[in-house]
Amino acid sequence: MMDVYNNLVNASLKNLDDLAMVITDSKLRMSDAERLTAIDRIYMESHNQLSYLRKFNDQAYRMALQRSRDADDRQTIKNLYGITQ
(Lines give C-alpha, C1' and ligand atoms only; values in the text may rest on other atoms or scores of the structure.)
Protein backbone atom coordinates (compact mmCIF):
# COMPACT_ATOMS: atom_id res chain seq x y z
CA MET A 1 0.00 0.00 0.00
CA MET A 2 2.84 2.36 0.80
CA ASP A 3 4.23 1.91 -2.71
CA VAL A 4 0.93 3.08 -4.19
CA TYR A 5 0.81 6.12 -1.89
CA ASN A 6 4.47 6.94 -2.57
CA ASN A 7 3.91 6.73 -6.32
CA LEU A 8 0.89 9.01 -6.09
CA VAL A 9 2.80 11.53 -3.98
CA ASN A 10 5.71 11.51 -6.43
CA ALA A 11 3.37 11.94 -9.41
CA SER A 12 1.61 14.81 -7.62
CA LEU A 13 4.92 16.51 -6.90
CA LYS A 14 5.89 16.15 -10.55
CA ASN A 15 2.59 17.75 -11.57
CA LEU A 16 3.24 20.64 -9.19
CA ASP A 17 6.73 21.12 -10.62
CA ASP A 18 5.32 21.02 -14.16
CA LEU A 19 2.63 23.53 -13.25
CA ALA A 20 5.13 25.87 -11.64
CA MET A 21 7.26 25.73 -14.78
CA VAL A 22 4.30 26.37 -17.07
CA ILE A 23 2.97 29.36 -15.12
CA THR A 24 6.37 30.95 -14.50
CA ASP A 25 6.82 33.32 -17.37
CA SER A 26 10.61 33.11 -17.72
CA LYS A 27 10.92 29.30 -17.48
CA LEU A 28 9.45 28.17 -20.81
CA ARG A 29 8.81 29.91 -24.10
CA MET A 30 5.20 29.07 -24.84
CA SER A 31 2.21 30.76 -26.34
CA ASP A 32 -0.84 31.30 -24.18
CA ALA A 33 -2.61 28.48 -26.01
CA GLU A 34 0.28 26.10 -25.30
CA ARG A 35 0.26 27.12 -21.64
CA LEU A 36 -3.47 26.49 -21.38
CA THR A 37 -3.07 23.11 -23.06
CA ALA A 38 -0.29 22.19 -20.61
CA ILE A 39 -2.39 23.35 -17.65
CA ASP A 40 -5.34 21.27 -18.90
CA ARG A 41 -3.07 18.21 -19.22
CA ILE A 42 -1.73 18.70 -15.69
CA TYR A 43 -5.29 19.12 -14.38
CA MET A 44 -6.44 15.90 -16.04
CA GLU A 45 -3.48 13.95 -14.69
CA SER A 46 -4.14 15.29 -11.19
CA HIS A 47 -7.85 14.52 -11.49
CA ASN A 48 -7.11 10.96 -12.63
CA GLN A 49 -4.68 10.47 -9.74
CA LEU A 50 -7.29 11.68 -7.27
CA SER A 51 -9.91 9.35 -8.75
CA TYR A 52 -7.49 6.44 -8.52
CA LEU A 53 -6.62 7.34 -4.91
CA ARG A 54 -10.29 7.41 -3.92
CA LYS A 55 -10.93 4.04 -5.58
CA PHE A 56 -7.82 2.53 -3.99
CA ASN A 57 -8.81 3.81 -0.52
CA ASP A 58 -12.34 2.47 -0.95
CA GLN A 59 -11.02 -0.97 -1.92
CA ALA A 60 -8.57 -0.99 1.00
CA TYR A 61 -11.37 -0.03 3.41
CA ARG A 62 -13.63 -2.79 2.08
CA MET A 63 -10.82 -5.34 2.36
CA ALA A 64 -10.04 -4.31 5.94
CA LEU A 65 -13.72 -4.50 6.85
CA GLN A 66 -14.01 -7.98 5.33
CA ARG A 67 -10.89 -9.17 7.17
CA SER A 68 -12.31 -7.83 10.42
CA ARG A 69 -15.59 -9.66 9.82
CA ASP A 70 -13.71 -12.86 8.98
CA ALA A 71 -11.70 -12.59 12.20
CA ASP A 72 -14.90 -12.07 14.20
CA ASP A 73 -16.47 -15.10 12.51
CA ARG A 74 -13.43 -17.26 13.33
CA GLN A 75 -13.54 -16.14 16.94
CA THR A 76 -17.26 -16.86 17.18
CA ILE A 77 -16.74 -20.38 15.80
CA LYS A 78 -13.89 -20.99 18.26
CA ASN A 79 -16.10 -19.81 21.13
CA LEU A 80 -18.97 -22.07 20.00
CA TYR A 81 -16.73 -25.14 19.88
CA GLY A 82 -14.75 -24.21 22.98
CA ILE A 83 -11.45 -23.91 21.16
CA THR A 84 -8.89 -21.93 23.14
CA GLN A 85 -6.00 -21.08 20.91
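These are my notebook entries on two helices, their contact and some charged pairs in a predicted model.

**Entry 1. The helix pair**

I started with H1, which covers residues 2–23, and H2, which covers residues 32–81. I looked up how the two are placed. Their axes lie 10 Å apart, and the packing angle is about 165°. Angles over 145 degrees count as roughly antiparallel, so I noted H1 and H2 as roughly antiparallel to each other. I also looked up the handedness, and H1 passes H2 in a left-handed crossing.

**Entry 2. Residues in the contact**

Next I listed which residues meet. From H1, the contact takes in Val4, Tyr5, Leu8, Ala11, Ser12, Asn15, Asp18, Leu19, Met21, Val22 and Ile23. From H2, it takes in Arg35, Ala38, Ile39, Arg41, Ile42, Glu45, Ser46, Gln49, Tyr52, Leu53, Phe56 and Asn57. I sorted the residues of this contact by type and got 14 nonpolar, five polar and four charged.

**Entry 3. Salt bridges**

Side chains of opposite charge can pair when their charged atoms come close. How many salt bridges does a search of the whole structure find? I recorded three, and took them in sequence order.

Lys14 and Asp18: I found their side chains joined in a salt bridge, at 2.8 Å from N to O. Both residues lie in H1, four residues apart, which is about one turn of the helix. I then checked accessibility for each. Lys14 has 47% relative accessibility and so counts as partly exposed. Asp18 has 14%, so I put Asp18 down as buried; the cut-off for buried is under 20%. Asp18 is also one of the H1 residues that meet H2.

Arg41 and Glu45: I found a salt bridge between these side chains, with N to O at 3.0 Å. Both sit in H2, and the spacing is four residues, about one turn of the helix. Arg41 counts as partly exposed because its relative accessibility is 38%. Glu45, at 29%, counts as partly exposed too. I had already listed Arg41 and Glu45 among the H2 residues that meet H1.

Asp58 and Arg62: I noted a salt bridge here as well, N to O at 3.0 Å. Asp58 and Arg62 are both in H2, four residues apart, about one turn of the helix. Is Arg62 buried or exposed? I read 54% relative accessibility for Arg62, which therefore counts as exposed; the cut-off is over 50%. Asp58 has a relative accessible area of 34%, so I entered Asp58 as partly exposed.

**Entry 4. Lys78 and Gln85**

I then moved to Lys78, which lies in H2. Its relative accessible area is 28%, so Lys78 is partly exposed. What does Lys78 touch, leaving aside its neighbours within four places in sequence? I found contacts with Ile83 and Gln85. I also took a C-alpha to C-alpha distance within the helix pair's longer numbering range: Lys78 and Gln49 are 43 Å apart in space and 29 residues apart in sequence. Gln49 is one of the H2 residues that meet H1.

Gln85 is found in the segment after H2. I entered Gln85 as exposed because its relative accessible area is 84%. From Gln85 to Arg29 I read 70 Å, C-alpha to C-alpha, with their positions 56 residues apart in sequence.

Technical notes:
Residues numbered from 1 in each chain as written. Predicted model: local features only at pLDDT ≥ 70, side-chain atom pairs only at ≥ 80, totals over all residues. Heavy atoms only, no water. Axes fitted to C-alpha atoms, helices over the stretch in contact; angles between N-to-C directions. Helix = DSSP H or I, 4+ residues; strand = E, 2+ residues; numbered from the N terminus. Parallel < 35°, antiparallel > 145°, perpendicular 65-115°, else oblique. Left-handed = near helix turned anticlockwise from the far one by under 90°. Contact = heavy atoms within 4.5 Å. Nonpolar A, V, L, I, M, F, W, Y, C, P; charged D, E, K, R; others polar. Salt bridge = Lys/Arg side-chain N within 4 Å of Asp/Glu carboxyl O. Buried < 20%, exposed > 50% of the residue type's maximum accessible area, 1.4 Å probe, protein only.
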